[in-house]
Amino acid sequence: MSVSTFDLFKIGIGPSSSHTVGPMIAACRFARRLEEYGVLARVAAVRVELHGSLGATGKGHGSDKAVLLGLEGNLPDRIDPDYAMARLDTIRAERSIALLGTHAIPFVEKTQLMFYHQTAALPQHPNGMRFVASDADGQELLKREYYSVGGGFVVNCEGRRVNGTPDGAAPPYPFRTGAELLALCAASGLTIPRLMFENEKTWRSEDEIRAALRAIWQAMEGAIQRGCRSSGELPGPMRVRRRAAVQYEQLRQRPEESLRDPLSMLDWVNLYAMAVNEENAAGGRIVTAPTNGAAGVIPSVLQYYVKFVPGANEQGIFDFLLTAAAVGVLYKENASISGAEVGCQGEVGVACSMAAGGLAAVLGGSTAQIENAAEIGMEHNLGMTCDPVGGLVQIPCIERNAMGAIKAISAARMALRGDGQHYVSLDSVIRTMMQTGADMKTKYKETSRGGLAVNVIEC
């Protein structure tokens, strides 16, 4: 199974890759299966069950909305967020859904879209979904189970991916561990971003790769810009204020302060991260990097490179993303990027590690220094829980992305001050992260039954 740069970086909508993007893809997949099997026209009812973490925090993460839109044939990278909200209002007002946009059937959410948070999760992963379609006589036409395993990746009950890079031709430089990646670079003489570029040529032409990388960065930068312009409150009962626009105006109106305060650039990095994650929390257009909950870390560190590093250019942006993706592949292959499986160390922690590696690369780091930066980025996020207050990707998620970005910059700079030699390897810290996630209590893994999610409400 191959993991591409564009599997880790996917343009989509908020607020969650595992709870919004994944369920939308799964619902669309189920609807298309009905069409492929020739039973779409016979469907009179569809029942959807969301289990485990999806059942526990799905409402706050927009899983219900994602399922409705997915059944109508929409996909996260194509749907317009404004259209999505308008269409949802219509579906709910009319209590009717149009499968693949063509076959209308009655749909009452209260009885046909069920959140099972009190029962055990489905067997393969905490983010499990079951779809059942039946005819007018109540006879089952098709039943399928899907799992949203983090970062918008969806697998079926057999563990096979239903989206992303298809199995087929093997890339010229396959690797599963950091040690293998370092050895390949040494043997081939390629840098990490160049090796990733050569691997991507297995599935796309050089021009297509560059165009796709450019589109990823444009979407990231667009999220920053929209976040800096948008004010008001985020969706949900907590009525959390959007802060990025106010902070942007404060920084923009007092540029002279940067001459007195050498750390003012960190205020900008914080701003970039918060702007993206406020957009995500509002259901706007963002890039999974590698998840929606951690979508602000990599764009903010990359924007730091663009705005504050002399000589920054488009090739540097490409190299940053390719290097970050190489690091992300290691986590995807050997651990997890799912908060429901390993806590937020698998989301913001992984994003911090990816961003640290990417920044070290474009600042001129050696392969060993890049690996060291990525290791530092994760080492100091180990054990971080996923405890969203109210089941919403707002508190502590938005600020947590800003902190992850600052840690990534520090990790890269720390690694560049060394010679690349270090005691703890990236492979070791990835194994440790996965073991820590396995030992973590379920209530700290995106269920909103522990940590801040409980104590903030009690206060």
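Which residue lies over the face of Phe-153 at 4.2 Å from the ring centre? Select Phe-153 and look: Lys-10 is there. Keep the ring in view, and add Lys-332. Lys-332 also lies over the face of Phe-153, at 4.0 Å from the ring centre. Bear in mind throughout that this is a predicted model.

**Stop one: the sheet**

Show the strands next. Five of them form an open sheet with mixed pairing, in the order β5-β2-β6-β7-β8. Select 113-116 for β5 and 154-156 for β8. These two strands stand at the edges, and each has a single partner strand, so one side of each lacks a neighbour in the sheet. From one strand to the next, the twist averages 25 degrees.

Now zoom in on one edge. Select residues 140-148 to see strand β7, which pairs with β8 in the antiparallel sense over three bridges. Pick Tyr-146 there. Its bridge partner in β8 is Asn-156.

**Stop two: the helices on the sheet**

Select residues 17-36. This is helix α2, and it packs on the sheet. Helix α2 touches β2 (45-52), β6 (127-134), β7 and β8. The direction of helix α2 makes about 155 degrees with that of β7.

Then select residues 63-71, helix α4. Helix α4 lies across β2, β5 and β6, and runs at about 145 degrees to β2.

**Stop three: the aromatic rings**

How many aromatic pairs does a search of the whole structure find? The search finds five. For one pair, select Phe-30 and Phe-131. The ring centres are 5.3 Å apart and the planes are at 25 degrees, so this pair is stacked. Phe-30 lies in helix α2 and Phe-131 in strand β6, so the pair ties together parts that are 101 residues apart in sequence.

Are these two rings' residues buried or exposed? Phe-30 is buried, at 0% relative accessibility. Phe-131 is buried too, with a relative accessible area of 0%. Add Tyr-146 to the selection: ring pairs link Phe-30, Phe-131 and Tyr-146 into a cluster.

**Last stop: the cysteines**

How many disulfides are there in the whole structure? A search finds zero. Select Cys-228 and Cys-397. The closest cysteine sulfur to that of Cys-228 is in Cys-397, 19 Å away, which is too far for a bond. Now add Cys-386. The sulfur of Cys-397 has its closest cysteine sulfur there, at 6.3 Å, again too far for a bond. A disulfide needs the two sulfur atoms within 2.5 Å.

Check the surroundings before you leave. Cys-228 is buried, with a relative accessible area of 10%. Cys-397 is buried as well, at 15%.

Methods. Residues numbered from 1 in each chain as written. Predicted model: local features only at pLDDT ≥ 70, side-chain atom pairs only at ≥ 80, totals over all residues. Heavy atoms only, no water. Buried < 20%, exposed > 50% of the residue type's maximum accessible area, 1.4 Å probe, protein only. Pairing = 2+ DSSP bridges. Helix = DSSP H or I, 4+ residues; strand = E, 2+ residues; numbered from the N terminus. Axes fitted to C-alpha atoms, helices over the stretch in contact; angles between N-to-C directions. Contact = heavy atoms within 4.5 Å. Phe/Tyr/Trp six-rings, centres within 6.5 Å; stacked < 30°, edge-to-face > 60°. Lys NZ or Arg CZ within 6 Å of the ring centre and 35° of its normal.
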